[in-house]
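Grab a pencil and have a go at these exercises. Try each one yourself before you read the solution.

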Amino acid sequence: TISDNVIRTTGSSESIYVSNFANWRYLYDNTFLRSGNVTIEDNTVDGGSYGVYVSNSYTGYELYHNSRAQTGNFLINNNNIMRSGNGIYFSLEGGYSLFNESRAMVGNIAIIDNYVMSRYNAIDVYYSYLGAEMYDRSYFIIGDLLIEGNEVYGSQGLDWYSGVYLYINDIGYRLYGRSLVEMGSVTIIDNDIWGYYGLQFDNFNYLGYRMEGDSSFVMGDLNVTNNRIRARQHAIYANSLNEIGYQLSGNANVTIGRMDFNMNSIWAGNCGFYFDDFRYVGYDMEGSSSFKMDDISISENMIISDEEGIYLDDVMHFGNYLYEDSRVIFGSMLVNDNIIISNDTGIYIYYLYEFGYEMYDNSTFVMENIEMNGNRISSLGEGIYIYYLEYFGYLLYNHSSFSMGSILINNNSIISDFYGIYLNELYYFGGYLEQMASFNMKT
């Protein structure tokens with residue numbers, strides 16, 4: 001525990017620095033290592049390159065023969081951080097190469113009720129290479145991440161940095177045998193966030209990637225709710241969410257929870273929501289492998305933006321190249337009940353493209369609705385703009401089957417200077433079916 005300190009750092013060092021508290025590597029033969037809780041709370045920090053810096057480099061590296069490693073929980077609570085370079089930085093990496101029945105477990109992480117003013121990212125969470133290259137019956141468990149009740153001012157005096165920045169990469173990467181990786185939920189709720197970018201998700205890549213045998217990857221919900229976000233650029237910015245459930249074979253399975261971006265209040269100098277490059281999801285699967293992902297929802301937000309209110313670009317390659325008895329199941333994509341005041345387009349969707357594309361054998365693709373309902377939009381450009389919604393259930397062979405719900409654009413109230421609702425290039429739904437392949441879409 002580090003608490004009730006008053007720290008002023010005039011140089012370039014970290015004000016509170018905690019590193020390699022659970023440096024687990026090269027464990028053999030029933031070894032059991034366990035670390036306790038880490039708590040950093042009620043501190044006042046002025047200056048320094050980082051206000052609070054917490055990092056662990058080897059969170060379970062090369063574990064063998066029933067060895068076990070476990071951390072307690074992490075709490076960063078009620079700290080007052082002023083004039084720092086970076087505010088709060090939390091990093092876990094280097095959890096890979098687990099064999100036999102070895103196990104690594106990371107507790108819950110909570111970053112709550114902090115006040116941060118920083119030149120770079122105010123809150124920065126970095127996960128990399130956790131639960132990777134695992135064999136036999138090994139498993140790796142990561143607890144929940146909670147970011148709640150913080151008031152943060154990132155990118156003060158500088159461009160390109162964020163109020164809250166998350167980097168999550170290479171989790172459940174190359175799993176073999178009956179290995180298992182479980183990652184808990186990520187919840188970002190009830191924060192006041194300021195920055196050049198407000199809340200940034202960067203490189204959510206390689207989650208459940210290249211899995212074989214009976215391996216499993218499970219990820220909880222992503223919940224971004226009831227935040228107040230002000231940004232000079234994009235308020236919620238997600239760039240590069242790629243290769244999730246990518247190249248699965250055997251009986252490998254990936255399960256992803258809901259992604260909810262709901263009930264936030266947003267003021268943006270560019271886009272309110274900006275999602276770009278979300279692709280290769282449930283992609284290139286064979287054997288009896290399965291991928292399941294729940295709903296994606298952007299709903300009940302209040303958005304005031306100089307550019308697009310909600311911008312979705314390059315959402316593509318979902319459930320492509322499915323072979324044998326592989327299965328892909330998606331929930332709904334929901335953009336409902338938002339209030340949008342935009343100096344450009346209210347809702348902009350460009351390239352929602354290739355869902356269930358090129359399927360063979362007995363493979364199955366199931367998807368629920370695409371909905372844009374009940375939105376209230378006042379825009380100087382188009383109200384709702386959709387270009388290139390195409391290649392759904394296209395190139396189906398053998399006994400493969402594609403099924404999806406409806407595309408619904410209902411009960412919206414739109415005041416716009418250009419088109420109210422603009423749809424162009426809606427092509428190729430259920431094209432080129434051969435043998436006993438089937439396509440079904442609800443009207």
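**Exercise 1.** Which residues are linked with Asp 190 in a network of salt bridges? Keep in mind that you're looking at a predicted model.

*Solution.*
- Step 1: Find the members. The network links Asp 190 with Asp 192 and Arg 228.
- Step 2: Zoom in on one pair. Asp 190 and Arg 228 form a salt bridge, and their closest N and O atoms are 3.0 Å apart.
- Step 3: Place both partners. Asp 190 sits in the loop between β23 and β24, while Arg 228 belongs to strand β28, so this pair ties together parts that are 38 residues apart in sequence.
- Step 4: Check the cover. Asp 190 has a relative accessible area of 33%, so we call it partly exposed. Arg 228 comes out at 24%, so partly exposed fits here too.

**Exercise 2.** Work out how strand β7 is paired, then find what Asp 46 does there.

*Solution.*
- Step 1: Start with β2 (residues 6-9). This strand runs parallel to β7 (residues 44-47), and 4 bridges join them. Arg 8 stands opposite Asp 46.
- Step 2: Now take β12 (residues 80-84). β7 and β12 also pair in the parallel sense, over 3 bridges. One bridge partner to spot is Asn 80 in β12, which goes with Thr 44.
- Step 3: Look at the charges. Asp 46 forms a salt bridge with Arg 83, with 2.6 Å between the closest N and O atoms. That pair links distant parts of the chain, since Arg 83 is in β12 and Asp 46 is in β7, 37 residues apart.
- Step 4: Buried or exposed, what is Asp 46? Buried means under 20% relative accessible area. Asp 46 has 17%, so it counts as buried. Arg 83, at 51%, is exposed.

**Exercise 3.** Describe the salt bridge between Arg 258 and Asp 260.

*Solution.*
- Step 1: Get the distance. The two side chains meet at 2.7 Å, N to O.
- Step 2: Sort each residue. Arg 258 has 24% relative accessibility and is therefore partly exposed. Asp 260 has 12%, so it is buried.
- Step 3: Put the pair in context. A search of the whole structure turns up 8 salt bridges.

**Exercise 4.** Which residues make a nonpolar surface patch of about 250 Å²?

*Solution.*
- Step 1: Name them. They are Ile 421, Leu 423 and Leu 426.
- Step 2: Pick Leu 426 and locate it. You'll find Leu 426 in strand β49 (residues 421-429).
- Step 3: Check its accessibility. Leu 426 has a value of 37%, so it counts as partly exposed.

Definitions and conventions:
Residues numbered from 1 in each chain as written. Predicted model: local features only at pLDDT ≥ 70, side-chain atom pairs only at ≥ 80, totals over all residues. Heavy atoms only, no water. Pairing = 2+ DSSP bridges. Helix = DSSP H or I, 4+ residues; strand = E, 2+ residues; numbered from the N terminus. Patch = residues over 30% accessible without salt bridge, like charges linked within 9 Å, V, L, I, M, F, W, Y side chains within 5 Å. Areas by Shrake-Rupley, 256 points an atom, 1.4 Å probe, with all protein chains shown as cover. Salt bridge = Lys/Arg side-chain N within 4 Å of Asp/Glu carboxyl O. Buried < 20%, exposed > 50% of the residue type's maximum accessible area, 1.4 Å probe, protein only.
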